[in-house]
Amino acid sequence: MDYAVHIFGALALIINFIGYRQETVNGYRLISAFALACLSIHFFMLGASAAGIGLAIGAVRNIVAIRYQSISVLLVFVLLNIVFCLWEWFVLQNSVVLFIAYTASLIFTVGSIILKSAHAIRRWFILAESLMLIYSILVLSPFGVLFNVSNLISIFLKLRSEKRLAAAAEVGVAKGMQE
């Protein structure tokens with residue numbers, strides 16, 4: 001049994017749980033980049049290159065997006081995803097399952113570069129995390145499954161917490177107006 005596969009999967013899980021709890025978009029981007037790098041290594045070690053490549057691109061994308069969020073940066077990362085997807089499909093002749101990973105990667109790419117708030121990113125990433133959960137199940141990655149389930153739970157808990165805070169603030173404003 002190759003323990004390194006599990007170590008990188010576990011590291012990704014722990015680091016990314018911290019990432020989705022960040023209050024700022026750049027805090028999320030930075031911490032998430034490390035988690036994506038660990039998960040990329042995990043998937044490469046499993047032989048699931050579509051996820052490995054997409055996650056490696058994602059790690060670099062998150063670092064770049066901390067400073068640059070232009071349309072040209074978005075187009076570069078979208079093009080990278082498309083080129084690698086087509087290369088895997090036509091040259092390597094990998095399974096059709098790769099399209100799930102690259103679709104998720106494109107959703108992550110658009111969200112990471114275009115969206116400016118951590119709240120908006122969380123909402124946008126529900127679809128991408130769900131697609132990666134399906135991919136993880138199909139390529140038999142237990143840490144991939146845990147990673148995506150943990151991310152989805154973390155997203156929903158954080159969104160619920162934000163909703164409660166907004167409701168409490170509304171009640172506080174209403175009370176202040178009555179006084």
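Let's start on the surface: I82, L86, W87, F90, V91 and L92 make a nonpolar patch of about 570 Å². Patch members have over 30% relative accessible area and no salt bridge, and nonpolar side chains (Val, Leu, Ile, Met, Phe, Trp, Tyr) are joined within 5 Å. A salt bridge puts a side-chain nitrogen of Lys or Arg within 4 Å of a carboxyl oxygen of Asp or Glu. Areas are Shrake-Rupley, with a 1.4 Å probe.

Ground rules. This is a predicted model, where local features need pLDDT of at least 70, side-chain atom pairs need 80 or more, and totals for chains, interfaces and linings use all residues. Residues count from 1 along each chain, and side-chain values use heavy atoms, without hydrogens or water.

pLDDT is the predictor's confidence in each residue, from 0 to 100. The protein's mean is 89, and 96% of residues reach 70 or more. Helix α4 is highest, at 95. Helix α7, residues 142–178, is lowest, at a mean of 84.

Back to L86. It sits in α4, residues 71–91. Helices are DSSP runs (H or I, at least four residues), numbered from the N terminus. Is L86 buried or exposed? Partly exposed, because its relative accessible area is 39%, and buried means under 20%, exposed over 50%.

Now α6. Its 21 residues, 118–138, should span 30 Å at 1.5 Å a residue, and the end C-alpha atoms are 29 Å apart, which agrees. Expected span is 1.5 Å times one less than the residue count. Buried residues in α6 include I121, F125 and L133. After α6 comes L140, with a positive phi near 60°.

Methods: Patch = residues over 30% accessible without salt bridge, like charges linked within 9 Å, V, L, I, M, F, W, Y side chains within 5 Å. Helix = DSSP H or I, 4+ residues; strand = E, 2+ residues; numbered from the N terminus. Buried < 20%, exposed > 50% of the residue type's maximum accessible area, 1.4 Å probe, protein only.
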